Amino acid sequence: MAKFSPATLLLLSLGSVSVAADALAHDRSNKAHASSEHQAHTDKDKHGQDDEHGHKDEHGHGDEHGHQDEHGHGDEHGHDHDMERIVVHSTRFGRIVDDQPMRVEAIVREEIEEKAAMRPGNISMLLAETGGVRVQTTSPALGSANVRLQGLYGRYTQLLADGLPLYGNQASSLGLLQIPPTDLGQVEVIKGSASSLYGGSALGGVINLISRKPGDEAAGELLLNATTENGQDITAYAETPITDNLKGSVTAGAHYQSMEDLDADGWADLPEYERYTLRPRMFYEGDAGDTLYVTAGFMTENRQGGTLEGHTVADGNPFVQIQDSERVDGGLVYTRPVGETLTFNTRASAMVQDHFHAYGVDQDNDKHSNYLLETSLSGYLDNLDWVLGAAYQSERYESDNYSSFDYTYEVPGVFAVVDYHVTDDLIASVSSRFDDHSEYGTQVSPRLSMLYRADEFTVRGSWGQGYYAPTPFVEEIEAAGLSRLEPLGDLKEETAETASLDFTYRLGDLETNLTLFGSDIHNATQLEAFSSTDNGPLDRVRLVNARGESQIRGSEVLLRYYLGDVKLTASYLYLDATEQADSTGQRQQMALTPEHSAGFVAMWEQHGNFRAGFEAYYTGTQRLNDNPYMDKSEPYWHLGLMGEITTGRFSWFINLENLLNIKQSDTHPLLLPERAPSGQWTTDMWSRNDGFIANAGVRIKF
């Protein structure tokens with residue numbers, strides 16, 4: 001595996017620069033002014049699409065220089081917080097976020113740029129530092145991770161790109177680590193069941209990655225980054241108008257990390273990887289109001305972890321873990337006005353991902369594929385917005401070595417969304433979806449949401465139901481492979497009810513938010529260990545539906561204060577997440593789910609000149625499952641500092657992560673004294689294990 005030296009990075013970068021247009025970035029900072037719910041509707045044109053006078057397009061894109069936060073505020077550079085709004089589209093209506101009965105949190109371009117300077121290679125940090133979101137490491141050997149929303153299992157989170165499942169219905173846990181943030185214009189997060197909108201894979205919520213839309217002039221961006229642990233990143237982005245109606249963009253990335261053993265135990269704390277990505281996009285806007293968005297993606301990665309050369313695990317043998325991945329995907333979204341009040345929409349996508357796995361001596365080649373075809377018709381009256389649609393989804397898995405786990409899910413379905421404006425200050429939203437699942441039969445997923453506003457006070461309430469079709473790939477299997485898993489038996493679909501009550505109050509430059517939420521999960525799948533021989537050791541696992549139900553109750557608090565050029569943000573998350581213990585029948589805390597977590601971020605920024613930030617995140621104790629060293633984790637802090645100075649086109653940044661040098665291996669060994677029944681050789685990750693890392697680089701804009 002070839003390594004990138006800093007000099008090589010620079011030469012590659014200069015080659016990338018030569019293809020970018022040498023034009024100044026065009027300031028597209030017209031703002032959408034909407035002081036009330038009525039204004040939000042008059043801002044739309046007769047087809048329900050946002051117009052060109054400063055509003056967002058059909059993909060929810062904004063400008064690069066006047067960013068807004070998730071509650072409609074502008075940035076902290078003297079802009080009018082009350083008059084700027086964000087348009088979000090994950091709820092299937094292109095509407096400003098303040099008018100959404102379903103709460104949608106939006107991470108805008110400015111914050112994406114901040115996080116890109118901290119972690120240019122992937123979006124894990126961007127999501128991990130969002131309130132109510134936990135990025136959980138699923139494989140200590142490969143570093144893979146999934147996203148848990150408000151304590152729900154990570155497999156319930158649907159990851160979308162511009163509303164398309166380009167990373168699969170059940171995205172691999174490595175998916176988060178293979179998506180650079182360079183070409184993102186906005187990220188939208190829905191917490192709680194969104195199966196009524198997107199089907200069974202959105203049981204726990206949705207993360208929708210919205211791409212940047214090209215401006216009216218050619219522009220580009222190049223980012224170079226290097227870390228103190230021999231990691232390097234190059235990402236490049238270019239956009240240009242092609243004709244009066246057609247614009248295009250392309251994003252490319254090259255990323256490398258060497259294998260690092262920080263605690264000298266012979267096991268890699270940072271896996272080695274080499275990854276290349278490419279994503280072109282095309283945006284067409286017709287004179288008749290029709291729009292077409294087309295994208296394609298290509299990714300290849302070689303990743304290796306486990307024991308280092310010359311080292312072994314407890315049985316005296318080396319255990320090297322490898323995953324080589326190749327992914328190709330494509331998708332389109334087409335909209336066209338039909339008459340005065342109707343809009344036709346169709347979207348389609350396809351994804352094929354090939355893997356080579358090695359878990360010690362066990363090897364496997366497999367293929368994941370996912371297909372979507374969806375058509376809908378939307379319209380509006382004076383007080384009513386509606387969407388009616390039909391969709392077909394297909395998910396397939398094929399294994400060369402373990403064909404007994406092959407599956408094909410075919411899921412045709414119909415869905416409807418109705419938003420009714422009872423008064424100017426009260427909006428009700430009802431949505432429902434009927435899926436005919438090829439394995440689990442008819443599934444009905446309803447959701448009800450309400451929004452009430454009174455001056456600076458907003459209340460939202462939501463309730464929803466959804467389902468999830470089980471697959472072999474629970475977290476432990478992604479970490480250990482299929483070699484010790486019994487063929488799946490008669491499993492039931494996993495179902496959940498989720499509810500939330502959200503209060504927001506704004507007083508000048510102070511914003512407060514309190515969310516109360518709860519979830520009941522039925523038939524959650526889990527691994528059960530057993531012996532393959534009479535009275536022998538536990539050396540096999542089977543996937544079963546858990547007895548009883550998992551219950552999650554919690555609250556989330558957010559405070560944000562603007563003090564001139566300084567933005568202060570504080571958050572707190574409380575989780576009471578319990579499940580029924582198989583051995584006693586009593587309720588116990590769900591594993592790897594901290595009861596208390598909190599965060600504080602201070603960011604000082606003068607746009608176009610500099611930014612400096614400090615962040616502190618606290619994670620409380622967690623129950624540990626099958627950990628021979630301890631039953632409950634220790635609490636820990638994560639502290640970070642970052643700074644960036646802009647001089648003309650160049651922005652020089654430095655970021656210091658994990659200032660306290662926290663490592664899980666300082667508390668107990670990562671390696672197990674004997675192999676777990678699932679095949680794992682490590683304990684679960686409840687903390688971080690990469691220690692202190694600094695990175696620095698430059699962002700060049702053209």
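These legends go with a set of close-ups from a predicted model.

**View 1. Confidence along the chain.** Before zooming in, a quick look at how far to trust the picture. The average pLDDT for the chain is 88, and 87% of the residues score at least 70. Residues 1-84 are the stretch to watch, since pLDDT stays under 50 there. The model still has 213 contacts beyond four places in sequence for residues 1-84. Where pLDDT is low, predicted coordinates are not something to read in detail.

**View 2. A four-stranded open sheet with mixed pairing.** Reading across, the strands come in the order E3-E7-E8-E6. Strand E3 (105-108) and strand E6 (157-161) sit at the edges, each pairing on one side only. From one strand to the next, the twist averages 15°. Zoom in on E3 and strand E7 (residues 184-191) and you'll find them running antiparallel, joined by 4 bridges. Ile-107 stands opposite Val-187 of E7 here. Helix H3 (residues 109-118) lies across E3 and E7, at about 60° to E3.

**View 3. The largest nonpolar core, with 24 residues.** The members that touch the most others are Ile-123, Leu-127, Val-187, Ile-207 and Leu-209. Helix H4 (124-128), E5, E6, E7 and strand E8 (205-211) each give two or more residues to this core, and E7 provides the largest share, with 3. Leu-209 is a good place to centre the view: leaving out residues up to four places away in sequence, its contacts include Ile-123, Leu-159, Tyr-167, Ile-179 and Val-187. Another core, of 19 residues, lies apart from this one, with Met-102, Leu-197, Val-387 and Phe-415 among its members.

**View 4. Lys-701 and Glu-113 in a salt bridge.** Side chains of opposite charge can pair when their charged atoms come close. In this pair, the closest N and O atoms are 3.0 Å apart. Lys-701 belongs to strand E33 (residues 693-701) and Glu-113 to helix H3, so the bridge ties together parts that are 588 residues apart in sequence. Lys-701 counts as partly exposed, at 22% relative accessibility, while Glu-113 is buried at 8%. Both residues also appear in a network of salt bridges, whose linked members include Arg-109, Arg-212, Glu-221 and Arg-699. For the wider picture, a search of the whole structure turns up 40 salt bridges.

**View 5. Two salt bridges with buried partners.** Glu-301 pairs with Arg-303, with 3.1 Å between the closest N and O atoms. Glu-301 has a relative accessible area of 1%, so it counts as buried, and Arg-303 is buried too, at 3%. The other pair is Asp-690 with Arg-688, whose side chains meet at 2.9 Å, N to O. Asp-690 and Arg-688 are both buried.

**View 6. Gln-150 and Asn-535, two residues with positive phi.** Neither Gln-150 nor Asn-535 is a glycine. Gln-150 has a phi of about 50° and sits in the loop between strand E5 (145-149) and E6. For Asn-535, phi is near 60°, and its loop runs between strand E24 (525-530) and strand E25 (540-545). Their surroundings make a nice contrast: Gln-150 is buried, with a relative accessible area of 7%, whereas Asn-535 is exposed, at 85%.

Conventions
Residues numbered from 1 in each chain as written. Predicted model: local features only at pLDDT ≥ 70, side-chain atom pairs only at ≥ 80, totals over all residues. Heavy atoms only, no water. Pairing = 2+ DSSP bridges. Axes fitted to C-alpha atoms, helices over the stretch in contact; angles between N-to-C directions. Contact = heavy atoms within 4.5 Å. Buried < 20%, exposed > 50% of the residue type's maximum accessible area, 1.4 Å probe, protein only. Core = buried A, V, L, I, M, F, W, Y, C linked by side-chain atoms within 4.5 Å. pLDDT = per-residue confidence, 0-100. Salt bridge = Lys/Arg side-chain N within 4 Å of Asp/Glu carboxyl O.
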